[in-house]
Amino acid sequence: IPSVSSIVPESCLLIVVGLLVGGLIKGVGEKPPILKSDIFFLFLLPPIILDAGYFLPLRPFTENLGTILIFAVVGTLWNAFFLGGLMYAVCQLGGPGLNHIGLLANLLFGSIISAVDPVAVLAVFEEIHINELLHILVFGESLLNDAVTVVLYHLFEEFASFEQVTILDIILGFLSFFVVSLGGVLVGVIYGVIAAFTSRFTSHIRVIEPLFVFLYSYMAYLSAELFHLSGIMALIAAGVVMRPYVEANISHKSHTTIKYFLKMWSSVSETLIFIFLGVSTVAGHHYWNWTFVISTLFFCLIARVLGVLVLTWFINKFRIVKLTPKDQFIIAYGGLRGAIAFSLGYLLDYKHFGMRDMFLTAIITVIFFTVFVQGMTIRPLVDLLAVKKKQETKRSINEEIHTQFLDHLLTGIEDICGHYGHHHWKDKLNRFNKKYVKKCLIAGERSKEPQLIAFYHKMEMKQAIELVESGGIGKIPSAVSTVSIQNINPQTLPLERVLPALSKDKEEEIRKILRTNLQKTRQRLRSYNRHTLVADPYEEAWNQMLLRRQKARQLEQKMNNYLTVPAHKVDSPTMSRARIGSDPLAYEPKEDSENLPIITIDPASPQSPESVDLMSEEPKGCSGLPPSPEEDEEGLVMRVKEPSSPGTDDVFTPGTGDSPSNQRMLRCLSDPGPRPEPEEGEPFIPKGQ
């Protein structure tokens, strides 16, 4: 039912199934089975932790390791002691039913209920696809807080049997935390190295390769539990250490087997854990005390929120990428409790803890509240707060190259500054791994293979598998080599049929398509212009062409200024310049007015500029006399120049317009100047001529 599973997490549905099954078994008169702690810790929990440790995203985990450790260690200690102290106060004030519960019992209860559960976190967070940072912070905390939980649990359990707890016992208890956590990691590393070394010699029997991975991981867990060390830390360390070397040695089929078997095994364990939680709720003995249960639930939430806020305020002083208020809310809200708390509560001994049933009832209530209420509402809250989701992208060679380049660059900067940060130590570890460890644990030439080439081979193999599974073997992209295809599926088509040779015509056609589509990236696209529909692609030539056109236009305007004379309304200097023609001596006023314009045209060559004589262009009505009706119709009066009488010289014979003032004006205004714009409606040439 997709509509239900999209709202309710799978873990909630499985608990409901367990409740129904338990009720059904009890209804028919049988006793329902209870999730025994031995079965849980020995058989159901290891597959989930191994799956998480083996496929742990190592880069984000190591980059945020400091933050994860602070949340896992300091946060869990804060939750345990804050909750234990407050619950002791509640028990002292809560009446006769709670007075007998001492401080140690409450602190033990606080240590059990304070730890975030990795099974519950995995079940909920993988469904909401939260971004990688938040996922690794909450999930990493749930994995690493196991050491704190184990130490506190065994510590308070031992203290409960003591008659008196001394300062020395407390100091030894504090030191036991480092022994439990670091001892668990050491056991895991030892078994991881042994598994990697064993896989070097399994090339002739590929069938048992996956078995060694499961066997050595489980032995690491059992060895750690045997000495009361942290089994979860041992499993994670074993998975992280063995994976890069084992994957380089084993065949691809073995790698696929390990991957899918671990996923299936962890999924089955998770399903059984949540179903058994439901069944055990129905079958177990419960003692309900409203004060104790409600106080536990309330103080659990308060302790988690306060712990996250205070620790984040401190962590953000040292982080480059700060944790925002939204991130803090999701971290606080994602602190889910689960079956580990129930199993630890179930392990309590009635002899020392007579209130075990009440503890179990409170633990189950907190588990149900966190899994049902917080688990069901976290997805809508993530959408409401617009928290960044996980980006499902495949890593590319380009990304890998740039990641390595930035790592080397930051390492170099740290060396120059003399600052030994985590990039420096990471580089030292990589050099040691490449120089010594790889040669011992990886067989053949793969030990000398650069990381980038190994990554390329992995991508190539993955792409080839997808190609084979999709049935597109004939359409192999260039990124996939035929060697990797043959390694996966030896019964493929022959080589020449897999990669058919292109004919010369086809090759030339492809080149032509590429030439036309892959233009010069530096060529700039020009905007549309009606003057330049066919533009020169080179900018310099284009500018020269525009300059030439502009000069030609200016020259044309100057020529028009000589050939056409506009009329003006006022006798301005600009207008006076325009009176000068090619023959200034032909300037003659009209008979009826001395100032009215007369243009004399030589009939021999009316087009030549030398034949136009501008006598006067003063508009009609400016001379003080009223214009005659004929002049109104004609506009400017243009008259044919009178032929000179024989024996006279046009140049040296003074005319009627050769007054001293006119000659002075002609000398000053010999340059015609810019061509004024003609007035609309005033013709240059009289009508009818």
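**Close-up 1. F178 and its ring partner F174 on helix α9.**
In this predicted model, F178 is partly exposed, with a relative accessible area of 38%. Its partner F174 counts as exposed, at 54%. Both phenylalanines belong to helix α9, which covers residues 167-199, and they sit four residues apart, about one turn of the helix. The structure holds 21 aromatic pairs. F174 and F178 make one of them, an edge-to-face pair with 5.5 Å from centre to centre and 80° between the planes.

**Close-up 2. F197 meets F201.**
Here's another edge-to-face pair: the ring centres of F197 and F201 lie 5.2 Å apart, with 75° between the planes. F197 is partly exposed, with a relative accessible area of 41%. F201 is partly exposed too, at 46%. Look for F201 in the loop between α9 and α10, the latter being residues 209-226. While you're there, find I442: it is 241 residues away from F201 along the chain, yet the two C-alpha atoms are separated by 9.5 Å.

**Close-up 3. Rings in a cluster, and a charge over a ring.**
Three phenylalanines, F109, F292 and F359, are linked into a cluster by ring pairs. A view of Y346 shows another kind of contact: the charged end of R356 sits over the Y346 ring, 4.9 Å from its centre.

**Close-up 4. Helix α16 and its kink at I378.**
Helix α16 takes in residues 356-384, 29 residues in total. At 1.5 Å a residue, a helix like that should span 42 Å, and the end C-alpha atoms of α16 are 40 Å apart, so the two values agree. Where does the kink in α16 lie? Go to I378, shortly before the proline P380, where the bend is about 35°. V382 makes a handy landmark for a neighbour from elsewhere in the chain: K326 is 56 residues from V382 in sequence and 8.9 Å from it in space, C-alpha to C-alpha. K326 itself is found in helix α14, residues 325-333, and is partly exposed, with a relative accessible area of 39%.

**Close-up 5. A386, just past α16, has a positive phi.**
Follow the chain on from α16 and you come to A386, whose phi is positive, near 55°. A386 has this positive value although it is not a glycine. The residue is in the loop between α16 and α17, with α17 running over 397-417. Is A386 buried or exposed? A386 counts as exposed, at 57% relative accessibility.

**Close-up 6. H129, another non-glycine residue with a positive phi.**
For H129, phi is near 55°, again a positive value in a residue other than glycine. You'll find H129 in the loop that joins α7 (118-128) to α8 (132-161). With 42% relative accessibility, H129 counts as partly exposed.

**Close-up 7. Helix α11, with a kink at R243.**
Helix α11 runs over residues 231-249. Its 19 residues should span 27 Å at 1.5 Å a residue, and the end C-alpha atoms are 26 Å apart, which agrees. The kink of about 45° lies at R243, shortly before the proline P244. How many of the residues of α11 are buried? The count is 15 of the 19, so α11 is largely enclosed by the rest of the structure.

**Close-up 8. Inside the second largest cavity.**
A search of the whole structure turns up six cavities of 30 Å³ or more. The second largest holds about 50 Å³ of space. Its lining is made by F71, G75, W78, N79, E141, A303, R304, G307, V308 and L311. Two elements give two or more residues to this lining: α5 (65-93) and α13 (290-315). Which element gives the most to the lining of the second largest cavity? That's α13, with five residues.

Methods: Residues are numbered from 1 along each chain as its sequence is written. This is a predicted model: local features need pLDDT of at least 70, side-chain atom pairs count only at pLDDT 80 or more; totals for chains, interfaces and linings use all residues. Side-chain values use heavy atoms; hydrogens and water are left out. The expected span of a helix is 1.5 Å times one less than its number of residues. The bend at a residue is the angle between axes fitted to the seven residues ending there and the seven starting there. Rings of Phe, Tyr and Trp (its six-membered ring) pair if their centres lie within 6.5 Å; planes under 30 degrees apart count as stacked, over 60 as edge-to-face and the rest as tilted. Buried means under 20% relative accessible area, exposed over 50%, partly exposed in between (1.4 Å probe, protein chains only). A charge sits over a ring if NZ of Lys or CZ of Arg is within 6 Å of the ring centre and within 35 degrees of the ring normal. On a 1 Å grid over the protein atoms alone, a cavity is a set of points where a 1.4 Å probe fits but cannot get out, and a pocket is an open set with protein on both sides within 12 Å along at least five of seven lines; lining residues have an atom within 4 Å of a point. Grid points are joined across faces, edges and corners, and a volume is the space filled by probe spheres set on the points.
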